[in-house]
Amino acid sequence: MMPQTVRFITVGNLKESYLREAAAEYKKRLSGMCRVEEIELKEVKLPEDPSESEIKKALTEEAKAILAAIPPRSFPVALCVEDKQMSSPDLSRKLESVTAECGTLCFIIGSSHGLAPEVKAAAKMRLSVSELTFPHQLMRVILYEAVYRCYQIAKGSKYHK
């Protein structure tokens, strides 16, 4: 059995209409299997060519908002390019296995500069979708589809080939 609630905490909004439409389609599909919550946080504005200290300060500010949006008794999953990759069936099994310990499955996508170390440390799981780099806005659509696929796998649907 998969978690009843899935919360997506994202930094920044979807600017392109085609990304908003794709995300809305997967949210609609997913909402037939669980309660879907989306928390869109503001990305800290940085200058055109930010210094490392400016990036670190921005990530720290974003981290405060992210950490405040993680509900108690949840299972936070931080998307981190440098961490573990899993197949769709393996991810589905993992998400099923955490149902008993959490009320909410919580996915976190940072800004274009990633996530602060304190957010990664607060996550019970860190997940890399690919070694490739994707814009964080596109990653939201990819994540919605991946989570939808996990629910389909769990119920034995033919969606996953």
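This is a short walk through the fold, the cores and a few individual residues of one protein.

Okay, so before anything else: what you're looking at is a predicted model. Keep that in mind as we go.

Let's start with the overall layout. There are five helices and five strands. If you follow the chain from the N terminus, the order is β-α-β-α-β-α-β-α-β-α. So, strand then helix, right through to the end, as that order shows.

How does the radius of gyration look for a chain of 161 residues? A compact globule of that length would come out near 15 Å, and the protein has 15 Å, so the two agree. If you prefer box dimensions, the C-alpha trace spans about 50 × 35 × 25 Å along its principal axes.

Now contacts. Take the contacts with a separation of 6 or more: 86% of them join residues 24 or more positions apart. As for burial, 45% of the 161 residues are buried.

On the outside, the protein exposes about 8700 Å², and 52% of that comes from carbon and sulfur atoms. Charges next: we have 24 positive and 21 negative ones, and their mean positions sit 8 Å apart.

Right, on to the inside. The largest nonpolar core has 29 residues, and the members that touch the most others are Val6, Phe8, Leu105, Phe107 and Val147. Where do they come from? At least two residues each are supplied by β1 (5-11), α1 (17-31), β3 (74-84), α3 (88-97), β4 (104-109), β5 (125-127) and α5 (136-154). Which of the elements gives the most to this core? That would be α5, with eight residues.

There's also a second, separate core, this one with 17 residues, including Ile70, Ile108, Leu115 and Ala116.

Back to Val6 for a second, since we've just met Val6 in the first core. Leaving aside residues up to four places away in sequence, Val6 touches Leu105, Phe107 and Val147, and beyond those Cys34, Arg35, Val36, Glu37 and Tyr151. Leu105, Phe107 and Val147 are names you heard a moment ago in that core.

Let me stay with α5, because Gln137 is found in that helix. Is Gln137 buried or exposed? Buried, with a relative accessible area of 12%. Look at the partners of Gln137: not counting residues up to four places away in sequence, they are Asn13, Leu14, Lys15, Glu16 and Leu19. With Leu14 in particular, the two are 123 residues apart along the chain, yet their C-alpha atoms are separated by 5.8 Å.

Next up is Met33, in the loop between α1 and β2 (35-41). Met33 has 23% relative accessibility, which makes it partly exposed, as the cut-off for buried is under 20%. Beyond residues up to four places away in sequence, Met33 touches Tyr148, Tyr151 and Gln152. Tyr151 also turned up on the Val6 list. And from Met33 over to Gln4 there are 29 residues in sequence but 7.8 Å in space, C-alpha to C-alpha.

Moving to helix α2, that's where Ala58 lies. Ala58 is buried, at a relative accessible area of 3%. Setting aside residues up to four places away in sequence, Ala58 touches Val44 and Leu46. Glu43 is 15 residues from Ala58 in sequence, with 8.2 Å between the C-alpha atoms.

Just after that helix we get to Arg73, in the loop between α2 (52-69) and β3. What is phi doing there? For Arg73, phi is near 55 degrees, a positive value in a residue other than glycine. Arg73 is also exposed, with 56% relative accessible area.

Last one: Ala121, in helix α4 (residues 117-122). Buried or exposed, this alanine? Ala121 has 64% relative accessibility, so it counts as exposed. Compare that with Ala58 in α2, which is buried at 3%. As for spacing, Ala121 is 56 residues from Ala65 in sequence and 15 Å away, C-alpha to C-alpha.

So, to recap: strands and helices run in β-α order along the chain, the largest nonpolar core takes its biggest share from α5, and a second core of 17 residues is separate from it. And again, this is a predicted model. Happy to rotate it if anyone wants another look.

Definitions and conventions. Residues are numbered from 1 along each chain as its sequence is written. This is a predicted model: local features need pLDDT of at least 70, side-chain atom pairs count only at pLDDT 80 or more; totals for chains, interfaces and linings use all residues. Side-chain values use heavy atoms; hydrogens and water are left out. Helices (H or I, at least four residues) and strands (E, at least two) are DSSP runs, numbered from the N terminus. The radius of gyration is taken over C-alpha atoms; the globule rule is 2.2 Å times the number of residues to the power 0.38. Buried means under 20% relative accessible area, exposed over 50%, partly exposed in between (1.4 Å probe, protein chains only). Contact means heavy atoms within 4.5 Å. Accessible areas come from the Shrake-Rupley method with a 1.4 Å probe; for residues, only the protein chains shown count as cover. Lys and Arg count as positive and Asp and Glu as negative; His and the chain ends are not counted. The place of a charge is taken as NZ of Lys, CZ of Arg, CG of Asp or CD of Glu. A nonpolar core is a set of buried Ala, Val, Leu, Ile, Met, Phe, Trp, Tyr and Cys residues joined through side-chain atoms within 4.5 Å.
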